[in-house]
Structures are given as structure tokens and as C-alpha cells.
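Reader: I'd like a close look at a single part here, not a tour of everything. Pick one and take me through it strand by strand, then set it in its surroundings.

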Amino acid sequence: MMKVYEAIAQFLISKEVPRIFGLCGGHIQPLWDEIARRGLKLVDVRDEKAAVHMAQAQAELTGKPGVALVTAGPGMTNAVTGIANAFVSRVPVVVLTGSTPRPQRGKGALQEIEQVEIVRAVTRAAQRIDAPESAVKALADAFAIAEGCLNEPGPAFVDFPTDVLRSSIPQADIDLAGFQSRPHSFGTVGTKSARKAADLIWSAKRPVVITGRGAKSAGREIVKMLDRVGCVYLDTAESKGLVPAGHPAFVPSMRARAMTEADLVITIGRSLDYQLAYGSRAVFKNAGFVRIGAFEAEVQKNRRGEAEISGPIRETMGAILKAADDRRPSVDSGWITALRREDRKRRSALENKLQTAPPGRDGGMHPYRLLGAVKKALAPDAVVVADGGDILSFARQVFSEWTYLDSGPFGCLGVGAPYGISAALTFPERQVVVVTGDGAFGFNAMELDTCRRHGARVVFVVANNAAWNIERHDQLLNYQGRLVGVDLEKCDYAALAGSLGVQGVRVTDPEGLPDALKNAFELAPSLLDVSVTRDAPSPDFLSGIAGVPDLQALTKWDEMEAGLSGEKG
């Protein structure tokens, strides 16, 4: 016989889970103790939301499910934001929790709540395990579903009543097959589908490739296609670093023009969500679509394609390249050359801003000066995490060639500290920097304590403008200057870091940033509290995203969509 908590720990060991993120509590204590007793690494955090964020970051960086272990009631509800963030981002996370013992259920027990129902809408699968003999199978199912063997990847949630954790089961009843990885339910890529996609791509005059999260495994094949076709390439926050920043196809500064003028858009592992105008004909005025992905959202959601291929993306790309054989592409070389030339000009202008952008009227440093100094301090294999509203908008323009994580499509502020800690634990030999706004940093600032205790060598750079600055600009411009709930205290985050055992330094002069960053990386974990101006409007504010337009995420797109609707009317 063995206890259920022993079987779960044995399963986690068999899956080679590198570490488990969580916060202890009575309802999970039997499993918590067993995990520690068996030597699995436990990263104990200060808030359960941070535990799920850390599990997500590890999954994004390794491609394998991250695991969070949280206790019942408020422990579980604290985790919901992290679960929702992983759900929207389609990242494999397995969240384990405890709950009311079965004999006490329905009587008003301590921390009793319908946990499975709360998370059902933001998980790929959620279940409570009332039969002890089902525990290992349920856990195996959760891992498989999280990885996307049946549908899109995303979080899976398993709730074990505490008395079930303590129950005994015969070892002979444990299905050893449940310990094995399950194959994904992909079919083979059809020759006919691959040939149709190849015909469209090689016949296009103005083809644009846009990648997303699902394309991460196929970087080599994507570069091969870019080289053979000579087309334009745009990344998204989900796929930064997939194609080298210096590749001639990469024109990040020409996103708007490329989308408007393309005659064919090839999406690879990328859904057409708000960041891509839902594929609207108002924005992609002249384009047909080839949709390549593993799941429905990557292949069919919103704008349908002239060719749609669902399957393993690396194999799909290989099949398309093979179907093209030795065909010559039909690209308009003049259009491609013009985009490249203008992109290089704009990138050069941005580099100049990173060195020379003047301070604001308030004397604060321009965010571009801060980001320029960070960029210069980074090693080629560094991991960059960007978090916030205002500073994230600037950072997204700057960091194209590094492993990169940010607040994601859910816009989940506060991920910076936990993502950075998880990245540093996953890659202890690499530089890890978190660039965060002061407002976003406040959500999980106490995780500096977690960072120190677990020896995560992170450099936190807090862009401190004492404001929720995108909303502040919005209120100044669109609400007659009535500033409500957007001003923050000019908190001393360096002192806060010091109180939690992390070196903290305040920086007000951009000339002092290079040395401050050098010292911060040498002495990590450390934090730089950098005073930046409120006066610089961010790219996201200028795009109108703060105003939440009716039809599209950005003001210009919204106007274009309204115009198209008017034409139809």
C-alpha cells in the first residue's frame, strides 16, 4: 500500500519536474511534506498568484509544463489570476490544490468553496478527485491536456480533498502507463494542403510572415522559407528572438505598412487576436491568408485563410518547403527593398533616441534612455522580462534579439518579478533582467524576498514615474485633466529592496546607468530604482489603446474598421 500523496510525488519525479512553485497550507501539507522529503525542489513564494506566474515562465522557457501547488480557499482564489493569464497565453501549467475533506463537505468547513467551478472557465480541464484510486490517472490526464494532446495547451487544475491525499491505495492499482508521456493527437500534413500553401506563398508578390507562440519549435524551417521566398517577416511578443534581429526579412518598424500593403499574410502558430486587428479586411486591405498552426485559434479563428493547415508546425513547414521544390518566388523586389530601407532608417532613429532622448519637464529621465542603457548591458543569451503599461510599450520597441517574456495578451501586470525569478532559476548561468513599471512592480514586490531566499540572480529595473502613466495621459487628454487614481507616491523601491535583503540603488542620471547596471549584474539579485519622466507619451498611448475603442484595439484601426462598416452599410 502507498498513500496518495506518495503516488503523486512519485509521478512528479517520473515527469522530471525541475521545481514546484507554491505556498504551504494545511489542506496540502501531506503532499507538501512528501515532495520536500523526496528532495523535489520547492520554491515557496509570498502569494499564490506569483507561484502560477513562475510556473508559466518556466513552461514558456523550457516548453514543458510548469507545476504550482497551492492550498485551499483563498490560496486557490489568489492563484486564479495566474491561471487565467496562462489560459489566455496558451501555456501548459498544472495547478494542484487541496480542499475540504469529504466527510466535512457541505457543512461550512474551513476554507470550503467550489474550487473547480471557479476555475473551469479559465482552464483546459478542471476536476476534483474523490476516488483515491483515480489520483494518478487524473494527474496524468492533467499533464497531457496541459501540453495540448487533445486541444490547445493551457492550464489544467486538479483538486485533491485532504482526506484523499492521506488515503492508502494498493501499489498494484497504480496504472504505470499514466507515468508515460502521451503523443499529441496530430495527423500527418497532407501533400495536397502543403502544395496549395506553397502555390499561394510562391505566387505572392507582397508576402508577409507573422509568427506566434506556436512557431517556437520551427525557427530553422521558418528562416529557410524566409530565405527562399525573400518575403517580409514580423514577429510578435510571443515569438521575439525566433528569427535573428539582423535577418534581412525582419522589418519590425514597418509593421503597419506591411500589414496594409501585403497581398498574402502567412500566420505561423499565431492567432489573429486584437494585436493583429482580428485579421480585419479594414487593416489587411489587400491580403489573402495562409493559416498554419496546431490548434483552431491558430488556424481558423476570426479571419479564415485561403489555405489552412493544422498539424505539427515544424513538419508542416518542412512539407511546404518540399512542395515548393525549386520554384522561383514571385516577390516584388522593389517593395521588399523599400520596406527594408525604411525599416533600417527607423531603427537607426530609434537607436539615436536610446542615446539622446531628453528628460521631461519634470526632470525625469526619458524611458528610452533607460532602455538604451539596459540594452547595451545585455549579453547575447540574456533573458529580458518586461512588465507594466507605459514602460512595456517602450520596451516592446527595443528588445528584439533576446529571449523575451512580457505581460502577454491578457495584459497581466505584475508578472515581472515572478517571471524573472523563475527565469533565473531555470537559467542560473544567464543574465536575467526585469524591466518593470513602478505600478506593476507593486503587485508582486514582496517576491524580492523569494528571490533572495532561493538565490535567483535577477536584476530588477524599476522605471519609477510615480503614476499609472498611460491612464494618466488618457485622463489629461480625454477627461478634461481630471486625474483620478493615477498618481502614485514616489516610493523608494531601492530601500524596499534593501529591507528584503536585495541590494537596491536609486538612479536619477542616465550617465550613471552603465556603471549601476554593471554592478547590479555582478551583485545580483539587485534592484535599480530609476526616476523616469511622466511627460513622455508611450507608443501604446499614442496608438489609442488606453481609450479602448469600440471596434478595434487601436484608434487608427478602429477608424479604418468604422470606414469599412460604413462602406458595407
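Author: Two strands count as paired when DSSP finds at least two bridges between them. Strands are DSSP runs of E, at least two residues long, and helices are runs of H or I, at least four, numbered from the N terminus. This is a predicted model, so local features need pLDDT of at least 70 and side-chain atom pairs pLDDT 80 or more, while totals for chains, interfaces and linings use all residues. Residues are numbered from 1 along each chain as its sequence is written, and side-chain values use heavy atoms, with hydrogens and water left out.

Let's go for β11, residues 264–268. This strand sits in an open sheet of five strands, and the order runs β10-β9-β11-β12-β13 with parallel pairing. At the edges you'll find β10 (232–234) and β13 (307–310), each of which pairs on one side only. From one strand to the next, the twist averages 15° (axes are lines fitted to C-alpha atoms, for helices over the stretch in contact, and angles run from 0 to 180 degrees between N-to-C directions).

Now look at the two neighbours of β11. On one side is β9, residues 207–211, which pairs with β11 in the parallel sense over five bridges. If you want a landmark there, take Thr211: its bridge partner in β11 is Ile268. On the other side is β12 (residues 288–293), again parallel to β11 and again joined to it by five bridges. Ile268 turns up here too, with Ile292 as its bridge partner in β12. Follow β9 outwards instead and you reach β10, a parallel pairing over three bridges, where Val209 has Tyr233 as its bridge partner. A helix also packs on the sheet: α12 touches β11, β12 and β13, and its direction makes about 130° with that of β12 (touching means heavy atoms within 4.5 Å).

What about the side chains of β11? In a regular strand, side chains alternate between the two faces of the sheet. Here Leu264, Ile266 and Ile268 point one way, while Val265 and Thr267 point the other way. Buried or exposed? All are buried (under 20% relative accessible area, with exposed being over 50% and partly exposed in between, using a 1.4 Å probe on protein chains only). With five of its five residues buried, β11 is therefore largely enclosed by the rest of the structure.

For the surroundings, turn to the other open sheet, where six strands line up as β3-β2-β4-β5-β7-β6 with parallel pairing. Here β3 (42–44) and β6 (125–128) stand at the edges, and because each has a single partner strand, one side of each is left without a neighbour in the sheet. Neighbouring strands of this sheet are turned by 20° against each other on average, ignoring direction. At the β3 edge, β2 (residues 20–22) pairs with β3 in the parallel sense over three bridges, and Phe21 has Val43 as its bridge partner.

For a side-chain environment in that sheet, try Thr97, which has its place in β5 (residues 93–99). Thr97 is buried, with a relative accessible area of 1%. Setting aside neighbours within four places in sequence, the contacts of Thr97 include Ile28, Val70, Thr71, Ala72 and Met76. Gln115 is also among them, as are Phe157, Val158, Asp159 and Phe160.
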